[in-house]
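Work through the following exercises with the sequence and the model side by side, and try each task before reading its solution.

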Amino acid sequence: MPGAFDLSLPSFLKERLRLPLIGAPMFILSGPELVIAQCKAGIVGAFPSLNARPIEQLEDWLAQIKEELAAYDAANPDAPSALFAVNQIVHRSNTRLEEDVALCVKHQVPIVITSLGARPEVNEAVHSYGGLVLHDIINNRFAHKAIEKGADGLIAVAAGAGGHAGPLSPFALIQEIRDWFDGPLLLSGSIATGDAILAAQAMGADLAYAGSMFIATQEARAQEAYKQMVVDSNANDIVNSSLFTGIHGNYLAPSIRAAGMDPDNLPEADPSSMNFGSGGSSDAKAWRDIWGCGQGIGAIHDVPPVAELVSRLGTQYEAAKARLCT
């Protein structure tokens with residue numbers, strides 16, 4: 001499954017992948033069950049450290065993931081699991097960051113995904129045991145800052161991605177980054193098919209990075225109503241707003257209506273209301289009541305197990321490659 005720039009991927013990551021995809025960490029929704037299923041299916045599974053509450057639960061989750069994947073690898077030596085990742089919100093408002101990073105170091109988490117700021121001390125901590133740091137960015141300026149501060153690779157979060165998405169076209173974002181950066185590069189934004197995974201590589205990314213399609217899987221920690229809303233919705237049902245966390249993000253319009261608001265007439269939030277776990281300037285709680293989602297969900301029609309979804313994506317990916325070769 002070679003990509004245009006896959007030589008920039010570390011071998012310890014590339015060799016364990018059956019499909020060039022990372023399952024993006026999703027606040028509240030990503031737990032050990034989802035991560036383990038994704039890794040067993042041959043893609044990187046990830047979760048935000050803040051999903052483990054209280055903090056003591058984070059160590060339990062890390063131990064569980066490592067133990068279950070080690071057992072799987074022992075039973076499947078010819079097709080071992082993919083690596084897993086932990087997402088760290090490095091914004092100054094995250095009072096748990098130092099403790100969470102220390103646990104990642106203790107358990108030698110292979111991949112750490114950093115968001116909302118670039119912190120050299122976090123990168124150095126992960127590098128101390130040979131871990132890989134991927135930093136998500138929404139524009140070329142932030143990309144430069146992340147690499148200057150020691151990140152190993154970049155996650156380009158383009159327009160249409162779920163949650164805190166950027167405003168730029170993936171074409172614009174990828175080509176500007178590839179003009180100067182030849183290291184690991186991932187692309188996020190409306191990816192929900194094997195064809196889109198191949199398209200991300202064709203544009204210059206090493207891997208695709210997708211979360212929304214995993215909301216509608218059996219292992220995700222989403223309410224059944226949330227999963228069904230993803231199945232029933234399409235790109236026209238996605239609203240971009242800063243109201244709920246202080247940062248612009250993409251959300252399902254039906255969930256906004258269910259919370260008693262008009263998705264077509266939402267006020268802008270004061271950036272000082274930035275709050276990643278509750279609700280910004282609104283009484284409705286982001287992620288709990290207002291459900292994040294990306295624009296690619298028109299391709300989602302059921303709620304399968306992760307293994308079935310990844311197998312389907314693999315079939316689509318290979319078919320798309322075959323079409324290009326004819």
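**Exercise 1.** Locate Ile 28 between its neighbouring elements, and decide from its relative accessibility how it counts.

*Solution.* Ile 28 lies in the loop between strand 1 (21-23) and helix 2 (32-41), where helices (H or I, at least four residues) and strands (E, at least two) are DSSP runs numbered from the N terminus. This is a predicted model, in which local features need pLDDT of at least 70 and side-chain atom pairs count only at pLDDT 80 or more, while totals for chains, interfaces and linings use all residues. Residues are numbered from 1 along each chain as its sequence is written, and side-chain values use heavy atoms, with hydrogens and water left out. Next, the phi of Ile 28 is near 75°, a positive value in a residue other than glycine. Finally, Ile 28 counts as partly exposed because its relative accessibility is 35%; buried means under 20% relative accessible area, exposed over 50%, and partly exposed in between (1.4 Å probe, protein chains only).

**Exercise 2.** Describe the faces of strand 2 and its relation to strand 3, then examine the loop that contains Pro 54.

*Solution.* Begin with the two faces of strand 2 (residues 45-48), both of which are covered: Gly 45 and Phe 47 are buried on one side, and Ala 46 and Pro 48 on the other. Strand 2 runs parallel to strand 3 (residues 84-89) and is joined to it by four bridges, pairing being assigned if DSSP finds at least two bridges between two strands. Within this pair, Ala 46 stands opposite Ala 85. The loop between strand 2 and helix 3 holds Pro 54, and the peptide bond from Arg 53 to Pro 54 is cis, with omega near 0°.

**Exercise 3.** Find which residues of helix 6 are buried and what they pack against.

*Solution.* In helix 6 (residues 140-148), the buried residues are Asn 140, Ala 143 and Ala 146. They lie on the same side of helix 6 because they cover an arc of only 115° around the axis, the arc being that of the directions from the helix axis to the C-beta atoms. The buried residues of helix 6 pack against strand 5 (132-137), strand 6 (153-157) and helix 7 (170-178), with contact meaning heavy atoms within 4.5 Å. As a last step, look beyond the helix: helix 6 is followed by Gly 150, whose phi is positive, near 110°.
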